[in-house]
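Here are my notes for you on this one. Keep the viewer open and find each residue as you read.

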Amino acid sequence: MTVARVNRIFDYEDQVVQLNGWVYNSRRSGRIGFLLLRDGFGLIQCIVAKNDVGENIFNVFKSLTQESSISVNGKVVKNERAPGGFELVLIDLTLHQLSSEYPITPKQHGTDFLMNNRHLWLRSKRQHAILRVRHEIIKAVRDFFDSNDFTLCDSPIFTPNAAEGTSTLFGTDYFGNTAYLAQTGQ
């Protein structure tokens, strides 16, 4: 079984593949369900028909919660209306971890709440898009300097307080305050 990524799903049209990821959203109507799967590279819609997957797998599908981790096997089919132009007709589904209640919902949340749940907030479409733009900017700068024969040099970092696990601390006067040479890679 070929393990694919959502951003390269077009390479596997009419083939059976495995995708690994997290439940972004799901809905169902009678004997058919629609599962939106996120794998870190994009989103893909999966069609879950009770007749195709059987009673047991359809019941597992019905129990899925947002951000549950799963693996799905299915046939890649072209559909212009689907996000990315392709969808997966499910054959099998494996639940790895059923997620408890996901705290970030479409409603507005305050800054404190979002910062306290930053590891989850980064999974949202907007935050993921911001990270991709930031990545491209940093990559362009690095590519420019690399193509012009610059060498990256990580200079020492001064910090106003000592890092953990420092047995030999180097302090120095830094514009009238004491600063310490960071001894940790963090």
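The points below go through the strands, a few loop residues and the aromatic rings.

1. Before anything else, remember that this is a predicted model. Everything I say here is about that model.

2. Start with β2, which covers residues 16-29. Its link to β1 is made by 2 bridges, and those two strands run parallel. If you want one spot to look at, find Thr 2: its bridge partner in β2 is Val 17.

3. Now look at β2 and β5 (residues 69-78), which pair over 7 bridges in the antiparallel sense. Asn 20 is a handy marker here, because its bridge partner in β5 is Ser 71. While you're tracing these strands, keep in mind that in a regular strand the side chains alternate between the two faces of the sheet.

4. β2 also joins strand β3 (residues 32-38) through 7 bridges, again running antiparallel. Arg 28 stands opposite Gly 33 in β3. Together β2 and β3 make a hairpin with 2 residues between them. Have a look at Gly 30 in that turn: its phi is positive, at about 70°.

5. Next, the loop between β1 and β2, where you'll find Asp 11. Is Asp 11 buried, exposed or partly exposed? With a relative accessible area of 39%, Asp 11 is partly exposed, since that value falls between the 20% and 50% cut-offs. Its side chain makes a polar contact with the side chain of Arg 8, at 2.8 Å. Also check Val 76: it is 65 residues from Asp 11 in sequence, yet the two C-alpha atoms are 9.4 Å apart in space.

6. Another loop residue worth a click is Ser 99, between β6 (86-97) and α2 (111-116). Its relative accessibility is 19%, so Ser 99 counts as buried, the cut-off being under 20%. What does Ser 99 contact, leaving aside its neighbours within four places in sequence? The answer is Thr 65, Gln 66, Glu 67 and Ser 68. With Gln 66 there is a polar link too: a polar atom of the Ser 99 side chain lies 3.3 Å from the backbone oxygen of Gln 66.

7. On to the rings: the whole structure has 4 aromatic pairs. One of them is Phe 144 with Phe 145, with centres 5.2 Å apart and planes at 75°, so this pair is edge-to-face. Tyr 174 and Phe 175 are edge-to-face as well, with centres 4.9 Å apart and planes at 80°. Of these residues, Tyr 174 is partly exposed at 42% relative accessibility, while Phe 175 counts as exposed at 74%.

8. Go back to Phe 144 and Phe 145 for a moment, as they form one aromatic cluster with Phe 150. Phe 144 is partly exposed, with a relative accessible area of 47%, and Phe 145 is partly exposed too, at 35%. Phe 144 also has a link through its backbone: the side chain of Ser 147 reaches its backbone oxygen at 2.9 Å. Ser 147 belongs to helix α4 (residues 125-147) and counts as exposed, at 55% relative accessibility.

9. Last one: which ring does the charged end of Arg 5 sit over? It's the ring of Phe 41, and the charged end is 4.0 Å from the ring's centre.

Notes
Residues numbered from 1 in each chain as written. Heavy atoms only, no water. Helix = DSSP H or I, 4+ residues; strand = E, 2+ residues; numbered from the N terminus. Buried < 20%, exposed > 50% of the residue type's maximum accessible area, 1.4 Å probe, protein only. Polar contact = N/O pair within 3.5 Å; in protein donor to acceptor, adjacent residues only side chain to side chain. Phe/Tyr/Trp six-rings, centres within 6.5 Å; stacked < 30°, edge-to-face > 60°. Lys NZ or Arg CZ within 6 Å of the ring centre and 35° of its normal. Contact = heavy atoms within 4.5 Å.
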